[in-house]
Every structure is written in structure tokens, then in C-alpha cells.
2 protein chains.
Amino acid sequence: MVLPENSKKSTMKEVAKCARVSISTVSHVINKTRHVDKETHDRVLEAIEKLNYAPNIFARGLRGKKIRVIGVIISDIRESFFAEVVKAIELTAHSEGYSVILCDSEDDPLKEQLHINTLIQNGVEGLIFAPVNNSTRVYDSIIPHKINAIQIDRKVYGLSVDFVGINNMEITKKAMNHLFNHGFMNVGFVSYQTNVYTMEQRLLGYKMAAQLHNSSKKINVKFIQYSGSDNKEIIKSWLYQNKEIDSILCGNDNICHQVLRAIRELQYEIPKDMGVLSFDDSKWFKLVTPSITAIRQPTNQIGKLATELLIAEIQNKIKNYSQKENHILSAELIIRKSCRESSE
Amino acid sequence: MVLPENSKKSTMKEVAKCARVSISTVSHVINKTRHVDKETHDRVLEAIEKLNYAPNIFARGLRGKKIRVIGVIISDIRESFFAEVVKAIELTAHSEGYSVILCDSEDDPLKEQLHINTLIQNGVEGLIFAPVNNSTRVYDSIIPHKINAIQIDRKVYGLSVDFVGINNMEITKKAMNHLFNHGFMNVGFVSYQTNVYTMEQRLLGYKMAAQLHNSSKKINVKFIQYSGSDNKEIIKSWLYQNKEIDSILCGNDNICHQVLRAIRELQYEIPKDMGVLSFDDSKWFKLVTPSITAIRQPTNQIGKLATELLIAEIQNKIKNYSQKENHILSAELIIRKSCRESSE
DNA sequence: CTATAAAATTATTGCGCAAACGTTTTTATC
DNA sequence: GATAAAAACGTTTGCGCAATAATTTTATAG
């Protein structure tokens with residue numbers, strides 16, 4: 001294999017020597033921090049090219065220069081919602097010259113804390129995270145390091161950090177209305193148990209809708225364990241024990257997958273015996289039979305906006321940091337065939 | 001919000017002062033590079049605790065210390081295969097104290113090169129990547145920086161870098177045999193066009209099997225564009241123009257999704273009119289009707305092994321670097337209902 | 001041809017740390 | 001009690017760079 005002319009990494013000093021200038025001139029050429037005579041300037045660039053020079057990131061970091069790395073903490077990259085959001089974050093970040101360190105919290109507060117610490121130690125300039133729970137304690141460690149942050153998907157009360165996500169209560173009510181309008185009078189709700197604003201809002205939306213449309217009915221909520229384990233059997237016995245449930249609202253596409261398998265094994269027919277509506281639109285929803293009505297979140301927008309906001313904050317382009325902003329994007333109800341024909 | 005006692009980041013110097021020792025003692029306590037008297041040792045730890053001290057990664061990096069970050073370059077994090085592999089990489093890396101910087105190449109050689117450069121500049125100690133194509137040129141830039149690397153999924157000829165993946169030719173032949181044994185005599189192959197060993201091996205397996213079982217039949221291969229675009233219409237017209245095709249081998253689950261939609265719109269019935277078998281087992285394959293027979297790759301193993309090998313190399317625990325090793329794991333054929341009952 | 005401002009470049013410092021090297025203190029030996 | 005050996009710690013340097021302060025060179029005016 002043929003190696004480039006100069007195979008070991010060179011330093012500014014070597015570049016300076018090669019261009020017959022001082023290292024400070026080299027620095028100013030690289031950083032455009034001062035005018036340098038065209039001739040000298042070109043000589044420096046030539047030397048940089050010739051020696052295959054690239055700045056040492058550690059020396060830069062040590063001098064307090066920005067290193068353009070952001071950290072992202074989400075629950076699980078295998079969940080399509082997060083995969084899509086992370087994809088958008090990556091694209092946006094790279095287009096602005098930032099790299100992305102990815103961490104899965106697996107909805108474990110300890111892992112979350114660990115990752116926050118590691119990321120900060122690794123010198124990230126900013127953080128995008130989907131909080132595991134409602135405790136602000138974990139995030140206290142961010143503040144002293146004056147690292148900018150953005151919360152996505154989930155929101156923590158009283159945390160002075162911008163939020164990007166959807167209006168969960170509103171869209172939940174809309175989904176519930178859709179179910180009620182199609183003759184389902186007893187909707188059950190299956191979701192991961194996470195003690196965050198997002199989940200509370202969904203629950204609130206669920207309860208309000210349930211009470212409005214059918215005040216005599218029970219609230220039927222099943223909280224299941226996070227991704228790792230298979231909850232099919234748990235869902236089956238829940239359905240078995242709550243025979244009045246005629247339809248299910250699923251917390252995300254992964255939960256929906258488990259719900260569908262449970263329903264199938266119980267030999268219920270969708271939508272005749274059981275309606276299904278799911279958060280997070282999977283591309284497979286239109287291919288299963290019947291196709292699944294879903295709440296589509298604007299994953300690209302969420303990732304893009306969160307990243308843009310973060311980078312803007314990092315670059316101090318904006319605003320009064322004492323007050324956080326909520327950026328509420330709109331989710332969309334994709335109507336398919338898992339909820340019967342309309343009774344209207 | 002209550003801040004921790006000491007909110008600004010402290011230095012070794014401050015810790016030294018607080019513990020009434022020299023900074024070298026602090027350094028040695030932190031790095032365990034020299035014996036320190038128990039009493040002194042404890043005093044230092046206390047000071048570290050009290051001042052909430054954490055080493056500055058840039059200073060360490062500048063001194064040539066390892067910073068425990070690896071880079072990962074894959075095609076697209078939204079593909080389930082890569083999401084699962086990355087998940088395993090992350091878990092393994094974190095458990096060894098490494099962080100992971102994630103990059104999507106989108107199978108674009110320019111992006112790949114860019115990411116490699118950025119990662120190296122960011123001081124990663126190692127690289128795990130799924131090469132975009134067969135050119136070694138891109139990877140030449142890795143060598144001079146003496147950064148360890150592992151290839152996953154795809155393999156580049158003549159690149160002196162370990163490989164972790166499956167035996168594509170073998171499993172393709174096995175899948176083809178399965179199709180032939182179930183009465184499909186003219187298998188078409190739909191895949192992304194990427195000029196890599198993996199793809200060549202699959203093609204080779206496909207061709208060998210086709211010739212063996214049915215020498216009079218054409219080779220029917222359709223290469224489609226990468227993820228971004230929807231190829232449903234292209235697949236439809238390909239099927240329309242090649243009516244002899246009675247079954248399709250799909251390059252991955254995403255391609256299978258597009259194939260299934262094409263088949264549905266052509267109103268072919270699976271498996272009666274058209275057999276389907278796909279690389280990469282999606283959890284949705286068992287929920288669509290009929291369920292899809294698939295080649296399941298050991299994604300966890302791939303990610304885990306690649307990471308372990310990389311970290312072992314980084315830590316110089318092993319081996320003669322002049323010769324690369326291939327780590328071939330075995331894929332599994334998951335038989336479902338998209339290929340008729342056996343004719344045997 | 002000075003005097004002086006302006007432009008162009010250089011010398012230098014210090015970021016925080018690891019480790020080579022140096023010093024002091026303690027313990028062991030005869 | 002003198003000397004050696006070992007243990008315990010301290011002093012210092014330099015990693016590569018950015019940016020400040022200092023210096024040299026060039027341009028302009030009188």
C-alpha cells in the first residue's frame with residue numbers, strides 16, 4: 001500500500017519552518033484571525049498541503065477552542081423513532097461541521113447520569129437528550145459546565161433547557177376521538193412506564209378523552225417494561241382479564257408489535273374485535289393486515305430543529321438563557337384500517 | 001436549581017493545593033502510576049471529591065494519553081441491521097469505558113472519506129466501519145495515523161484490516177436452495193448496488209445456485225438506489241418486464257419492504273405467484289401476511305466481536321498487525337411462509 | 001531624509017496534565 | 001552511629017496551539 005508523502009502527523013512548528021514564517025503566522029492563517037500578506041498566506045497553505053498538516057484537536061481544546069462535538073442521549077437506537085431523529089441530528093450536525101457522540105440510556109437513570117458525565121468529560125459542546133425521568137437532579141451536572149442542551153421527545157419539569165417535541169395531550173385526544181368516532185367505547189393504553197412529562201401528557205389526554213366520551217368506563221392503562229423484554233404474554237393476560245377493552249392505543253411501534261402478536265394469539269380480529277392505534281408510524285404499518293392507524297411524529301423536524309437550536313446556542317447567536325422555550329411541532333394522524341369504518 | 005458545592009471545573013493544581021501535596025502526587029493517585037502512602041492517597045481522593053474534579057481530556061490527549069473514543073461509520077442508522085449492530089457496539093464499548101462517535105456514510109464515498117478524516121482529527125483511537133466500496137484509497141488515510149480499524153459487514157480486497165461478518169456466499173446458496181426446493185425455478189435478486197466483496201459474494205452465491213439448479217434460466221438481478229428513494233415503481237416494472245421471475249431474494253429488510261409493496265400493487269399472491277426471501281430478519285416479518293422467510297444475521301455478535309477486537313488491538317493485547325483476520329459468523333435461515341410448502 | 005503611523009510578522013506565554021528526573025525522609029544493616 | 005537502600009514525594013518540562021505583547025518592516029507626510 002502506498003502511503004502519502006508525509007505519513008506522520010506534522011505540527012504547526014514544522015509547517016512554520018517549511019513556510020519560513022513563525023508559528024503565530026501559521027496559526028493566523030489557519031484561523032483567519034488576522035490579515036496575512038497574500039504571498040505569505042499562500043506559502044503557508046502550500047506548506048500545510050505539503051506536510052499534510054491537520055491541527056491537533058487536543059491542543060486546540062486545551063486552549064479553549066471549540067471542538068465541534070455534540071452528545072446525544074436517547075433510549076435505544078433500535079427504536080425507529082429515535083433512529084430517525086438521530087439520523088436527522090447527524091445530518092444537521094455534520095452539515096454544520098459537528099460530530100455526534102451517541103449514547104443509549106436504555107431508560108436507566110444510572111446509565112443516563114454516567115453518559116452525561118462521560119460526554120462532559122469528553123468535552124462535548126452541547127447535549128441533545130431524551131430525559132429518562134422527571135428528576136432534575138441528573139441534569140444539575142450539566143449546568144456547572146455551561147454546556148448547552150436541548151431536550152427532545154420528553155420534558156423535565158423545571159429544567160431550564162429548551163424542548164423540542166410534539167403536543168402529546170392534543171394528539172392523544174385526537175387519536176382517542178378517532179377511536180370513539182369509530183365505535184370503540186373502551187380504549188386501553190399500553191405504554192412504557194417512564195415518569196416524564198410526555199407520558200403524563202399522553203395519559204392526561206387519554207383520561208380526558210375517556211371521561212368525555214364515556215364517563216362510566218374505567219381507565220385501562222397497562223405499563224410495560226422497556227424494550228429489552230418481550231411483553232406479549234403480559235399483554236395477553238391483561239387483555240384476558242379486562243374483557244371490556246375493545247381497542248388499544250399503543251405507546252410506540254415496538255409496543256404495537258407486541259400488542260399485535262398478543263391479539264393474534266388471542267385470535268381476536270382487528271378491527272372487528274379489537275381496534276389498534278399506535279404512536280410512531282412504522283413503515284411496516286401499511287403492510288400488516290389490516291394496516292395500522294398511527295400517530296406520525298415529525299422525526300426529521302425534531303432532530304433537525306433540536307440540532308439547529310443547540311448549535312445556535314453554542315455559537316451564542318441567541319437569546320436570554322434564563323428562560324427556556326418549548327418548540328411544539330405537530331404530529332399527524334395517519335388513518336388506515338385498524339379502527340373500523342367510521343360510524344359518523 | 002441548586003448547584004453542586006463547587007460548580008466550576010477544577011484543576012489538578014487546585015486539588016493538589018487542597019490536599020496539601022504536589023500535582024505529581026495527584027497525578028499518580030489518579031493514574032495509579034506510582035505507589036502513594038495510604039494517608040496521602042486518601043487525602044487526595046477527598047480533595048478530588050470535594051472539588052468535584054475531573055481530568056481535562058484535552059490536556060490528557062495532548063500528553064499522548066488514550067482518550068477512549070472510537071468512531072463508527074455505517075451506511076444508515078435507520079436500517080435495522082445497522083441499528084442493531086451499532087447498539088451492540090455501543091454496549092460493548094461503554095462497558096469497556098469507550099465512547100462512540102457515529103457517522104452515516106449513506107454509501108457515499110465522499111462522505112465516508114470526510115467522516116474518516118473528521119474522526120481521525122477528533123482523535124479517535126479506533127474505527128469500525130462498513131466500507132462503501134472496494135477502493136482501498138479511502139482507507140490509506142487511516143494507516144499513517146496508526147489507528148486501529150475493523151471492517152464489518154462489507155470487506156475491501158487487499159485492505160490490511162480485520163473483518164467481521166458472515167459468509168455471504170454460503171448463506172445465499174442456502175437461501176437459493178430453499179427457494180428451489182420449494183418449487184421456485186426462477187429467482188430474481190434485488191439489492192443495492194455497492195461494489196463490495198459482500199455483494200459480490202452474494203451475487204456469486206446467487207449465480208452458482210441458479211446455474212446448478214436450472215442452467216437454462218437467466219440471471220435476473222435488479223440493482224436499486226440506496227435507501228433515500230422509493231424504488232417500488234422500478235421494481236414493479238422490472239417484474240412486469242420479466243414475467244418468468246417466480247420469486248425474489250431481497251438484499252435487506254428495507255428492500256423487502258419495497259418489494260412487498262410492488263408485489264401487492266401488481267396483485268400477485270405470495271407465495272403462490274411469487275416467493276419472497278429476504279436478507280436481514282425484521283421483527284415485522286412474522287407479522288405481515290404471509291410471514292417472510294429471512295436470513296438472520298447475528299447482529300449482536302457482529303457488533304460485540306468487532307468492538308472487542310478493536311479494543312484488544314488498541315490496547316495492544318494482540319497479534320501480528322501485518323496480517324488481517326476474517327471473522328466469519330454464521331447466519332441463520334428463518335423459515336416462514338413466503339416460500340410455499342416444501343416440494344420434497 | 002527624518003518622523004511617524006500603519007502594516008506585517010515574530011516571540012512568548014500558558015492552557016492542564018503525565019512522567020522523567022530529583023530530592024528528602026524513613027528504614028535496614030553492620 | 002555511619003552508610004546504604006528503599007520509600008515517599010516534589011520540581012520541572014513539554015505536548016501543540018491561540019492569542020497577546022513585542023518587534024520589525026513598509027508606507028506616508030512634512
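This is a short talk on one protein–DNA model, covering chain A, the two DNA strands and one strand of chain B.

A word of caution before we start. The model is predicted.

Let's begin with chain A. Its secondary structure comes to 12 helices and 12 strands. How spread out is chain A? The radius of gyration is 26 Å, and the globule rule gives 20 Å for 344 residues. That is well over the rule, so chain A is more spread out than a compact globule. Look at the C-alpha trace along its principal axes. The spans are about 85 × 50 × 35 Å. Even so, 56% of the residues in chain A are buried.

Now the DNA. Take strand C. It is surrounded by 28 residues. The closest come from both chains: Thr40(A) and Arg63(A), then Met12(B), Tyr53(B) and Arg63(B). Which parts of DNA strand C lie within 4 Å of the protein? Of those atoms, 57% belong to sugar or phosphate, and the rest belong to bases.

Here are some polar contacts to strand C. Met12(B) uses a backbone N or O atom, 2.6 Å from a phosphate oxygen. Thr25(A) places a polar side-chain atom 2.8 Å from a phosphate oxygen of DNA strand C. Asn31(B) does so with a polar side-chain atom at 3.3 Å. Which elements give two or more residues to this surface? They are α2 of chain A, plus α2 and α4 of chain B. By class, the surface near strand C divides into nine nonpolar, 11 polar and eight charged residues.

On to DNA strand D. Here 27 residues surround the strand. The closest are Met12(A), Tyr53(A) and Arg63(A), with Thr40(B) and Arg63(B). For strand D, sugar or phosphate accounts for 57% of the atoms within 4 Å of the protein, and bases for the rest.

The contacts again. On chain A, a polar side-chain atom of Asn31(A) sits 3.2 Å from a phosphate oxygen of DNA strand D. Ser27(A) has a polar side-chain atom 3.4 Å from a phosphate oxygen of that strand. Ser24(B) reaches a base instead: one of its polar side-chain atoms lies 3.0 Å from a base nitrogen of DNA strand D. The elements giving two or more residues here are α2 and α4 of chain A, together with α2 of chain B. Which one gives the most? That is α2(A), with four residues. The surface near strand D has eight nonpolar, 12 polar and seven charged residues.

Last stop: β9 in chain B, residues 275–279. Buried or exposed? Mostly covered: five of its five residues are buried. Gly275(B), Leu277(B) and Phe279(B) point one way, while Val276(B) and Ser278(B) point the other way. That fits the general pattern. In a regular strand, side chains alternate between the two faces of the sheet.

And the neighbours of β9(B)? On one pairing, β8(B), residues 247–250, runs parallel to β9(B) over four bridges. There, Cys250(B) stands opposite Ser278(B). With helix α11(B), residues 253–265, β8(B) and β9(B) make a right-handed β-α-β unit. On another pairing, β9(B) and β10(B), residues 293–296, are also parallel, over three bridges. In that pair, Phe279(B) stands opposite Ile295(B).

That's the tour. Thank you.

How values were computed:
Residues numbered from 1 in each chain as written. Chains lettered and ligands numbered in written order. Predicted model: local features only at pLDDT ≥ 70, side-chain atom pairs only at ≥ 80, totals over all residues. Heavy atoms only, no water. Buried < 20%, exposed > 50% of the residue type's maximum accessible area, 1.4 Å probe, protein only. Pairing = 2+ DSSP bridges. Right-handed = clockwise from strand over helix to strand, strands pointing away. Near = heavy atom within 4 Å. Polar contact = N/O pair within 3.5 Å; in protein donor to acceptor, adjacent residues only side chain to side chain. Nonpolar A, V, L, I, M, F, W, Y, C, P; charged D, E, K, R; others polar. Rg over C-alpha atoms; globule rule 2.2 N^0.38 Å.
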